[in-house]
Amino acid sequence: MTERGGLSALQEGDASMEYKGNPVSQGYAVGPVYLYSSVVPEVTEGRIEAAQVENTLAAWAAAKAYACRDLEAICARLTATQDNKAAIFHAHLSLLGDLAIDEEIRMQIQDGLSTLDWAIQKTFDKFIRRMQRSKNRLFQERATDFRDVRQRLLLAARGLSPQSLRSLPCPCIIVTHELMPTDTANMDRENVLGIVTEIGGDTSHSAIIARSLGIPAVLGVPGITDALAPDALIALDAVKGLVLDTQDEALLASYRVKADDYRRYLSELLVYKSKEPVTRDGSYVQVLQNLASVGAADLSDAACVDGVGLLRTEFLYMGSDHLPTEQEQFEAYRTVLSTFKEKPVTLRTLDIGGDKTLSYLPMERELNPFLGERAVRLCFRHPDMFRTQLRAALRASVYGNLWIMFPMIGTMEDIRRAKAALEEAKAELRAEGVPFSDEVKVGVMIEIPSAGLLADLVAEDVDFASIGSNDLIQYTLAVDRMNQNVAPYYQDFSPAVFRLLRYIAQEFNRRGKAISVCGELGGKPEAALLLMGLGITKLSMNASSVAAVKKMIRSVSLEDARELAQQACSASYAEEIEHLVKSFLSQKIDES
Ligand code: PEP
Ligand code: MG
């Protein structure tokens with residue numbers, strides 16, 4: 001077998017290829033490759049000469065015919081298996097046949113002398129704006145279809161077909177350079193068996209999304225999109241971090257068995273999901289959920305958790321091609337708050353920047369985007385955008401128990417500024433007579449080391465804080481969480497980080513202020529055990545981690561956790577701490 005991706009070893013006469021990467025979401029899968037790359041055509045205003053009108057009209061007819069053929073093929077494929085999804089594309093076909101759209105585009109070309117791109121863009125923008133203004137929810141939702149068809153036509157004009165993860169042809173393994181939150185926002189989850197990307201570390205957003213959906217994923221496999229053929233059958237080992245391109249039936253069969261066994265293991269673990277998270281010595285550890293979207297499936301675990309410890313509101317912005325309106329946001333937040341009722345819902349204000357961008361919000365190219373104008377810094381630059389989100393959140397607060405949390409806080413000035421923006425939004429609503437709850441709690445994420453070092457002052461100034469360990473590790477250890485080359489420097493068990501966490505926990509607990517962890521550490525049983533020992537007994541995690549963390553909580557005592565945490569803080573090496581806690585836990589879990 002040949003091995004690629006950092007290591008290589010060749011054995012004669014074996015055509016199988018093996019590629020190595022980071023197993024960021026555990027599991028196994030066997031399935032065909034779906035090579036995915038999202039192309040967003042850029043359109044600028046353009047004019048043609050009168051003599052080019054005929055040719056441009058012909059190009060319009062050709063683009064439309066091309067898009068129609070594509071859509072008919074998709075519908076034929078889907079109708080046989082998934083009627084509900086085929087309906088979406090039938091609706092797109094009928095949009096292509098819409099006479100009003102056709103007439104408007106032809107007019108833009110003939111009378112307005114617009115280029116084909118510009119005529120398509122302008123016409124669809126006009127219809128989309130009309131739908132967004134409509135009070136009718138169905139019309140508002142139709143705007144998404146118009147955007148998809150616009151994209152399809154713009155690509156068809158270039159002889160290309162769009163790719164989307166919204167409706168996949170069959171169960172498959174997605175192989176792509178990088179998976180952006182925009183791509184996954186509307187992903188056809190049922191048909192994704194696994195994910196493989198060329199870049200992305202353990203706490204990249206691709207990894208977080210894969211884990212939150214419980215999809216096996218191997219990230220950081222250089223050159224994999226060139227190496228694999230579309231539709232090739234591959235096996236994914238997201239425990240060891242391997243992608244196997246093989247025709248060896250026996251090997252594929254062994255991976256199918258592993259996939260079944262792993263699924264069985266997960267379903268056995270599921271019994272813990274609804275159990276009480278109480279340690280052997282009777283301490284209750286709050287287990288909350290992180291949310292990165294608010295579909296019915298995301299909200300189905302509300303009864304098993306103590307609330308939402310992190311609502312990543314970016315999903316609303318990234319799954320859209322315009323800044324979400326106050327009403328759109330209000331409705332999404334209300335859905336979560338009314339689902340969780342009296343349980344806290346911690347709404348993190350917009351965290352864009354770093355690896356997350358918005359197509360419709362111009363952002364300067366930065367040399368170090370993770371150290372740049374990210375999260376609250378970006379919101380401070382766009383006060384209207386910030387105000388819209390705060391107003392929407394406050395309006396929704398009457399439907400549940402809202403905690404508002406500001407990300408990327410580095411200084412006390414940041415806190416003052418964010419709170420002032422919140423007060424302004426409140427004053428506006430009061431003046432307009434719009435109701436909101438007086439009970440809203442205000443807190444911050446501690447994910448920049450400076451905020452951690454100021455924990456005593458921060459704790460005085462806020463109602464609560466949640467530790468964003470993904471970024472806190474990145475910034476404390478100066479390791480880019482997206483950079484595959486420095487992944488070994490990104491230590492989950494860093495003694496330096498544990499010492500900082502100990503200080504933060506101590507200052508918040510001393511003042512009786514709530515302190516939690518909502519980064520990925522909170523959802524990893526070994527790390528969560530140490531967090532409990534440091535005095536952080538509120539952990540927020542992806543739904544897929546809840547059962548395993550509850551199982552861990554129920555098999556240990558807080559006393560043991562304290563002892564281990566103390567040892568961790570005096571250790572010199574990350575591997576020492578990892579070994580300590582893993583051997584302790586394997587013994588405890590065997591005993592239980
Ligand atoms: C974190 O940094 O730990 C966190 C929860 O936020 P994000 O992963 O979205 O940056
Ligand atoms: Mg963060």
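Begin by selecting P41, which, leaving aside its neighbours within four places in sequence, is in contact with Q151, L154, L155 and R158, contact meaning heavy atoms within 4.5 Å. The model in view is predicted, so local features need pLDDT of at least 70 and side-chain atom pairs count only at pLDDT 80 or more, while totals for chains, interfaces and linings use all residues. Residues are numbered from 1 along each chain as its sequence is written, chains are lettered from A and ligands numbered from 1 in the order in which they are written, and side-chain values use heavy atoms, with hydrogens and water left out.

Stay with P41 for a moment: the residue is found in the loop between β4 (28-36) and α1 (53-81), where helices (H or I, at least four residues) and strands (E, at least two) are DSSP runs numbered from the N terminus. P41 is buried, with a relative accessible area of 14%; buried means under 20% relative accessible area, exposed over 50%, and partly exposed in between, with a 1.4 Å probe and protein chains only. If you add R152 to the selection, you will find its C-alpha atom 9.8 Å from that of P41, although the two are 111 residues apart along the chain.

Next, select I199, in the loop between β6 (192-197) and α7 (205-213), which is partly exposed at a relative accessible area of 29%. Setting aside neighbours within four places in sequence, I199 is in contact with H177, E178, L219 and G220. The C-alpha atoms of I199 and N485 are 9.8 Å apart in space, with their positions 286 residues apart in sequence.

Now move to ligand 2, a magnesium ion, coordinated by E447 (OE) and D471 (OD) at 2.0 to 2.1 Å; donors are N, O and S atoms within 2.8 Å of the metal (3.2 Å for Na, K and Ca), and water is not among the atoms, so sites may look incomplete. E447 lies in the loop between β14 (441-446) and α15 (449-453) and D471 in helix α17 (residues 469-476), so the pair ties together parts that are 24 residues apart in sequence. E447 counts as buried at 2% relative accessibility, and D471 counts as buried at 3%.

From there, select F508, which, not counting residues up to four places away in sequence, touches residues including I446, A455, V458 and F464. F508 is one of the residues, along with L311, F406 and I504, that touch the most other members of the largest nonpolar core, a group of 106 residues; such a core is a set of buried Ala, Val, Leu, Ile, Met, Phe, Trp, Tyr and Cys residues joined through side-chain atoms within 4.5 Å.

Turn then to T349, in the loop between β12 (344-348) and α12 (376-381), which is buried with a relative accessible area of 0%. Its contacts, leaving aside neighbours within four places in sequence, include T313, E314, F386 and F406.

For a last stop, display helix α19 (residues 525-533) together with helix α21 (residues 558-570), whose axes come within 7 Å and cross at roughly 95 degrees; axes are lines fitted to C-alpha atoms, for helices over the stretch in contact, and angles run from 0 to 180 degrees between N-to-C directions. That crossing makes α19 roughly perpendicular to α21, a term for angles of 65 to 115 degrees. The contact is made by L529, L530, M532 and G533 of α19 and by L558, A561, R562, L564, A565 and A568 of α21.

Definitions and conventions. Angles under 35 degrees count as roughly parallel, over 145 as roughly antiparallel, 65 to 115 as roughly perpendicular and the rest as oblique.
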